[in-house]
Amino acid sequence: MIERALISEFKKAVGAEHCTTDPADLALYAYDATTVEGNPDCVVFPATTDEVAAALRLANDARVPVVPRGAGTGLSGGAVPVKGGIVLSLARMNKIIEIDRANLVCRAEAGTVTGVIASAAVAQGLYYPPDPSSINFCTIGGNVAHNAGGLHALKYGVTKNYLLGLTAVLPGGEVLKTGVRTMKGVVGYDLTKLICGSEGTLAVVTEVTLKLIPHPPHRAVAVASYPTAKAAGEAVSAIIAARILPAMLEFIDNTSLRCVEDYLKVGFPIDAGALLLVEIDGRPESVRAELDTAVEILKKNGATSLSFADDPVGCERLWEARRAVAPSLGKASPRRISEDITVPRARIPDALERIGDIGRKHAIPTAVFGHAGDGNLHVNLLADQRDLAIRPRMQAAIEDILRLALDLGGTLSGEHGVGLAKKSCLGWEIGADGMRILREIKKTFDPNNILNPGKILPEIGSE
Amino acid sequence: MPDLSDQAVAEIARCVRCGACQGVCPVYDVVRREHAAARGKIHLFERALAGGDEALQGRRLRDAISLCLKCGRCTVACPNSVRTADVVRHAREIRRSETPKNLKTVAASEILADRALMRGSAKFLRLVRSLATQKIEGRPGIVMRLAVPGEGARRTLPEPPDAGFFESAGGADVVVPGGGKKYLLFTGCVGDVLRPQASEAVVALARLAGVNVVAPARQVCCGLMSHMTGDRGTAEELARRNIEVFSMYGADAIVTPCASCATMIESHYPGIMPDAVLPEVITFSEFWSRDLEGRIGSRGAERSPVVLGFHEPCHMDEGTKERSTVRRMLSSLQRAVYVRTAGEDACCGYGGAFNVEHYGVSRAIGTKKQAGYRKAHVKLVATECAGCVLQLVDVLADQDEPPEVITTAEAVERYG
Ligand SMILES: Cc1cc2nc3c(=O)[nH]c(=O)nc-3n(C[C@H](O)[C@H](O)[C@H](O)COP(=O)(O)OP(=O)(O)OC[C@H]3O[C@@H](n4cnc5c(N)ncnc54)[C@H](O)[C@@H]3O)c2cc1C
Ligand code: SF4
Ligand code: SF4
């Protein structure tokens, strides 16, 4: 519990109506897009960097945990206040400060919805490529905190590739400006990229400076169906090996495509073992040529049917369908567990085969979809994780899947981050020295461990 | 609070907390708190309504229940099609049966329900308009002299007509003889009392095209306001009386200038009165495409046609057909140029009782509509819903050179 006096200080710092301890509000900020819950003691909604700084100073002095929150769409429990304390919502800091067309730079407050930034860029003929499937409702601050990827990461990269600089508030209330608004900059250690991906454990991001690029003039998407997941996986490896760089190369297995078809009725062939969505962008002539090559490869690898979209509305519709896969799997299994492993792209067929084996071994149904082009597979275990009879089997299956990722030379999480979900296995991947440096970095930024405690780093002794 | 109905529980169970609903909710966009969007409402209902923790049942739960425009955007965006608006309406019914009535919305529901009172209040409004309201040069409509309590803003209302639609007809049915199908004109309260020009336009156009239309004087309010505020008794009574009128006249279809009335009759009457047999219900633009297009002639193109914008009501059919028909209709106008403006499909924020209870939020949502029209130098905004007309008159009033707001039926009559 937090003392009453401290609450009134918070009220002074952000305005009484922007600080709440109403039990219903505490219940409303107890969750993100996972199934984990934990009530905070208080929720504050600052409107400026100065207000964020004031709130952090108060919390730091009183040694009260602070959990930054964007839109609460995270998939690793990062925004859940498992240790109580303050939830600091950036929802009111949602302005685009400028789009500088001369320098192709955008500045925005951290609580701005990513899709709003992307559309504002498009309106100027520009492009902000990182497009997590949650683009229309997650915040840019949350994207920075997770270094979010998206459908177009294969060709264009992830959030950090477009992040030039930050305004961030340290736990003691100091306002730190990092980075540049130039296209290059090597002055000192790269604090911008260090904070990017730190999941709200090092600093609260209040403003971002992003790089924009010219909007590609044309795009086309091919949808190919395959009799089995493995066949589709082989086609992915073949495309990558053929030195074609699609803007997007997505994989959807049968269970996933049935769920999304049920929701959106896009006309996916529901009997297909798996689908690939391949997008080529660029000048119209080169799009046509590259797409032809890609289609050759898709066919050679056994595509049983092919369809195309080459207008903006048609492409958007396919993206929408792909983005809806994860949440629509909730229909098949609302308490499912979703993993986010990434493997070297040549190993995708192996990975798909062995994921199937793992599911069968533990008798847990699985669904797999993801950004196959960059090796990122979202493996879903379709069972009720609250069911104590099944839970141990799910745990065992998760462990096998994570070990598999490392075995194949991959990583535990491609984009959803560590948060609560994976902190116990962090050491597997980064080793003892890595863990030590992580801990020291955390201590340097946050000596009192008030910022999002209990996330990323396991408690000492529990590794 | 008693248990939720099975249907509401099923809706709640489908939510996976992905947050997609937040990205489309017009109320969330202004309020910026979890309880404004579907995810938070669903979560709170799950925790609070299903019994248990008393502490959760305070003001925030009331807000979660009342802060919803029932625009349906969350359901469209939701991968699991959670029908939050239905759950909210259900929660309102429970609330209403248990707690002291909210005077503001009850008054609204009951005044609308009583056609005599409604017509009387229109006369009353005309009588007091010189006292309570004022005309401001260069602004459309009339402005209340006093600010809305607690909001500091003064409401702008459409200028009241000299007489209501049925009042002008001496309280009798209005009949347009013609061949082919027989249509029943459902005017809605606004189309009778506040903006009779809408109904008059439908009648005038039907006359031009020789289409058989009857407007029964005994029709009453559609009941949407009562239904949405959870006043089930009044909603049922109104539905019953209207269905009785419909069956007396035996029309092929009902036409209305208001998409909200159409939604109420088409989508909610069957739930309220499961045994009733209802004719098809269409809004004005569909009527135009079936029976007016090519039959009402044109007064020829204008040398400098007026620039016309459109506002898409949330209650237009979800199917894209109706939405493209209305745009085709507006594009066909000879004496006005229809320009598509940015945000023409954004919600106006009205929501009936919502506007009464949350005037500030409602107005903040609506005010966002100004930019698109301003940028395109729109002089006139047409829409196919009476509630949207009322709201747009109010929220567009304080921009420079505010556009006039009319119904689509009037647009066709004036500029066809
Ligand atoms: C349907 C769906 C699809 C998704 N698809 C993708 C995808 O394709 N790719 C992908 O990468 N992710 C995806 N995600 C996960 C999620 O949307 C991203 O992780 C996103 O970046 C989270 O943003 P948020 O604003 O919701 O952050 P939150 O969930 O509110 O917070 C996430 C973490 O960031 C921290 N944080 C938030 N804002 C700040 C800030 N301003 N300063 C410091 N720390 C902060 C929080 O403390 C927390 O640890 C998806 C999620 C859903 C529900
Ligand atoms: S979009 Fe649907 S499933 Fe997702 S949080 Fe909203 S109501 Fe729940
Ligand atoms: S119906 Fe509209 S206003 Fe109500 S929660 Fe859904 S999106 Fe928001």
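**Two chains and three ligands: a walk through the model**

Let me begin with ligand 1, which lies between chains A and B. Please keep in mind throughout that what we are looking at is a predicted model.

How many residues surround ligand 1? There are 36 of them, and the closest are P68(A), G70(A), T73(A), S134(A) and T139(A). If you sort that shell by class, you find 16 nonpolar, 17 polar and 3 charged residues. Turning to the secondary structure of chain A, at least two residues of the shell come from each of β3 (66–69), α5 (140–146) and β10 (204–211). Which element gives the most to this shell? That is α5(A), with 5 residues.

Now to the backbone around the ligand, where I would like to point out three places in chain A. At G70(A), a backbone N or O atom lies 2.7 Å from an oxygen atom of ligand 1. At G149(A), a backbone N or O atom is found 3.1 Å from an oxygen atom of ligand 1, and for E199(A) the distance from a backbone N or O atom to an oxygen atom of the ligand is likewise given as 3.1 Å. As for how the ligand is covered, ligand 1 taken alone exposes 970 Å², and the protein buries 98% of that.

Let me move on to the two chains themselves. The size of an interface is often given as the accessible area lost when the parts come together. Here, chain A and chain B bury about 2500 Å² between them, with 51% of that area on carbon and sulfur atoms. The contact draws 36 residues from chain A and 26 residues from chain B.

What holds charged side chains opposite one another here can be followed pair by pair, and between chain A and chain B the count is 5 salt bridges. One of them joins E34(B) to R69(A), whose closest N and O atoms are 2.9 Å apart. There are also 16 residue pairs in polar contact between chain A and chain B, counting pairs with both residues at pLDDT 80 or more. On the side of chain A that touches chain B, the elements giving two or more residues are α2 (23–28) and α12 (325–332) of chain A. The largest share of that side, 5 residues, comes from α2(A), and by class the side as a whole has 16 nonpolar, 12 polar and 8 charged residues.

That helix α2 brings me to another pair, in which the side chains of R60(B) and D25(A) meet in a salt bridge, at 2.8 Å from N to O. This pair crosses between chains, running from R60(B) in helix α4 (residues 59–66) of chain B to D25(A) in helix α2 of chain A. Over all chains, the count comes to 55 salt bridges.

Finally, two further ligands, beginning with ligand 2. Among the residues around ligand 2 are C15(B), C18(B), C21(B) and C78(B), along with R17(B) and R39(B). By class, the shell of ligand 2 has 8 nonpolar, 1 polar and 2 charged residues.

And which residues lie around ligand 3? They include C25(B), C68(B), C71(B) and C74(B), together with K41(B), K70(B) and R73(B). The shell of ligand 3 has 6 nonpolar, 1 polar and 3 charged residues.

To close where I started, ligand 1 sits between chains A and B, and the protein buries 98% of the area that this ligand exposes when taken alone.

Technical notes:
Residues are numbered from 1 along each chain as its sequence is written. Chains are lettered from A and ligands numbered from 1 in the order in which they are written. This is a predicted model: local features need pLDDT of at least 70, side-chain atom pairs count only at pLDDT 80 or more; totals for chains, interfaces and linings use all residues. Side-chain values use heavy atoms; hydrogens and water are left out. A residue is near a molecule or strand if one of its heavy atoms lies within 4 Å of it. A polar contact is a pair of N or O atoms within 3.5 Å; within protein, one must be able to donate a hydrogen and the other to accept it, and residues adjacent in sequence count only if both atoms are side-chain atoms. Accessible areas come from the Shrake-Rupley method with a 1.4 Å probe; for residues, only the protein chains shown count as cover. Helices (H or I, at least four residues) and strands (E, at least two) are DSSP runs, numbered from the N terminus. Ala, Val, Leu, Ile, Met, Phe, Trp, Tyr, Cys and Pro count as nonpolar, Asp, Glu, Lys and Arg as charged, and the others, Gly among them, as polar. Contact means heavy atoms within 4.5 Å. Buried area is the accessible area (1.4 Å probe) that two parts lose on being put together, summed over both. A salt bridge is a side-chain nitrogen of Lys or Arg within 4 Å of a carboxyl oxygen of Asp or Glu.
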